[in-house]
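Please read the points below with the structure open beside you, and follow each one on the model as you go. They begin with an enclosed space, move on to a helix, and end with an open pocket.

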Amino acid sequence: MTSLIIGVLLVVGGAMVGIALDRSLLRRWIRNRDPRRHHPAPETRAASSRRRSARHAIEDAERRVESAEAGQLSAETAASRVEASLDALQAGLVLCDRNGRVVAQNTAATQFLQARHGEALVAPVIKDLLEQARSGELVTTRVELHAEPRRSYEVRAGPVERGGEMLGAVALVHDITEHDRIESVRRDFVANVSHELKTPIGALSLLADSLAADSDPEVAAHLAGRMQIEIQRVANTIDDLLTLAMLEDESGRPGARVDVGAVVAAAVDRISETAEQNDVKVVLSNRTAATAIRGSRLHLESAVFNLLDNAVKFSESGGRVDVVVEADQQALTVSVTDEGIGIPATEQSRIFERFYRVDRARSRSTGGTGLGLAIVRHVALNHGGDVSVTSREGFGAKFTVTLPLDSGD
Amino acid sequence: MTEQTRKGFHAEIDEISDLIVQLAARASDAVARATDALLKYDLAEAQQIIDDDDYIDVAAIEVEERCQSLLALQQPMAGDLRQILAAMWITGELERTGGLACNICKGARRMFRTELPPRLRGLIAEMNEEAIRLIRLSVDSYSEHDAALASALHDIDDRLDSLHRTFVKTLLESSRTHDLDVQPSMQLALIARYYERIGDHAVNISDRVRYMVSGVMPWRAGLARHRVRDEPRKHELAADSAEMSSNGDDKAD
């Protein structure tokens, strides 16, 4: 107990001594710091000017740092702007230096260089062409991808030079699938239209020659009959062409109210005779009550009839064609499904083109004009809708016309 | 081994993996082209595909050689080793896939001027799509080191197998109704088999991927079954031969 008291006294005493010492030290220090007691030596002119120039140097340096930072900032902005605009390009762009090392590529190019399936074939082509371009050549190659989805690419590469000095090479990759498709549509259209119009004319001319040369009435009657068939063919083609021209003219014009259910029923009625002759059963099921839209009754009926005509024509005997009218909140759909020969997947995107034929030899014997599906598509488009097909060759086809319902009622 | 060479080693493995992806793209493109040539009766294209198969072979050899030199120079272990082994095996499967595309082309040549019934054409197009889908899935599992997807490929392949069966059934019907001759019928049966084999190669790739990821060798399931089935019998035989004579040859192995 006593030792504790002594201890406490010692500690308290020690602290007091410490504080006293501390205060004297503090006071001395404050005295020294007092500016009134401070007597600096008078400044020489040389020292003052030295100090001024040092200050200038520092300011100058600071200014320079600032401007350098600003410069770097603007360079960074410029670079990121260039980068962003390159990324916005649909074409892939790859830049390599003179040693062939890739130094820049945009987003589209990265997709090619990291692609995994079909597009993986583009990457080695880019590398090859860059290699050739580095030796100063301007080179172009096409890359065709055959697995679905089919695509075509064009890769171009050229040297990058400035003032005669070779800096590297640049490669550009363009997706030319759509361009190719449009090109082939245009090319085939010219070929097909001349084929469709010239074939019956050629036949007529031959038949007329034979008729003039032969006086046998039996042969003449036969030849005349054949001539009538060919004339009918030309007349059909011209009729369909006129219908198409009219459809193009009338696009976007609202019509009267049409009951699509009744239109489909009428078309089924019209085809029934041909269907019976070919031993094909046409089954109509109307699954909706609200089938009224605004449009042209005549055109809608001709569109549905065209689909039915195809379905019956390409069905084998004993086959069945299903016609279904359905509706949801937005649209009315009319689908025609057959069990016929179907359409190859590669042709499905092209069958709605004018005069396009999957198999020319076969379709001539079935007697179409090659314009039926083009008419169907035009009618659907004119009514704000569309037509689509799903098919597997040999397992039938299903054509679906979608027509939006009137939003007003 | 220094950090630098290790870095080079992994960069090399990545490059090999890119090459395999390109090889697979080439092989599946060849299959799609072969199908086009077959369905469009295009003999010139068929010949072109057979010629172009050399590119696949060259690419496959390049992958193999790079794998070999990695094995020899770097002596990789564990996951790295499995990755290189898997790359070598997968390359072999892809090279065979390209070979089968050539076989389809040769089949197309042998039955030239045979009009194919629409149903068979549709089924061929479908088998083509399914085979390419399998190759793509197997490449996905390889690139992503996705063992779960790789295991699923066995089941996904069932669809191609069933298409193959449907094709053979339809072929038998067609040879009656469409007057298909024996030669084209046989070629068609073989061609269907080639598509089915392409699917099998994709499944093999997925097996190698499972090995690469986990170290399990799924293809040894057959060996395990063989052991379970044959080991007891072997013991019996061994016991029998021991009973009959003490110095008889053990030919049961």
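1. Please keep in mind that this is a predicted model. By class, the residues that line its largest cavity are seven nonpolar, one polar and one charged; they all belong to chain B, namely B:Ala37, B:Leu38, B:Tyr41, B:Asp42, B:Leu43, B:Ala108, B:Met111, B:Phe112 and B:Thr114. The volume of this cavity is about 60 Å³, and a search of the whole structure finds five cavities of 30 Å³ or more.

2. B:Asp42, which is one of the residues lining that cavity, also appears at the start of helix 2 of chain B, where one of its side-chain oxygens comes to within 3.3 Å of the backbone nitrogen of B:Ala44. After the helix comes B:Gln75, with a positive phi near 45°.

3. What span should the 32 residues of helix 2 of chain B have at 1.5 Å a residue? The expected value for residues 43–74 is 46 Å, and because the C-alpha atoms at the two ends lie 47 Å apart, the model agrees with it.

4. The second largest pocket, with a volume of about 840 Å³, has a lining of 26 residues, and those nearest its centre are A:Arg150, A:Ser152, A:Thr346, A:Arg350 and B:Lys40. By class, this lining has 15 charged, six polar and five nonpolar residues.

5. Which elements supply at least two residues each to the lining of the second largest pocket? They are strand 3 (139–145), strand 4 (151–162) and helix 5 (177–213) of chain A, together with helix 1 (3–39) of chain B; helix 5 of chain A gives the largest share, seven residues.

Technical notes. Residues numbered from 1 in each chain as written. Chains lettered and ligands numbered in written order. Predicted model: local features only at pLDDT ≥ 70, side-chain atom pairs only at ≥ 80, totals over all residues. Heavy atoms only, no water. 1 Å grid on protein atoms, 1.4 Å probe; cavity = no way out; pocket = protein on both sides within 12 Å on 5 of 7 lines; lining within 4 Å. Points joined across faces, edges and corners; volume = space filled by probe spheres on them. Nonpolar A, V, L, I, M, F, W, Y, C, P; charged D, E, K, R; others polar. Helix = DSSP H or I, 4+ residues; strand = E, 2+ residues; numbered from the N terminus. Expected span 1.5 Å × (residues − 1). Polar contact = N/O pair within 3.5 Å; in protein donor to acceptor, adjacent residues only side chain to side chain.
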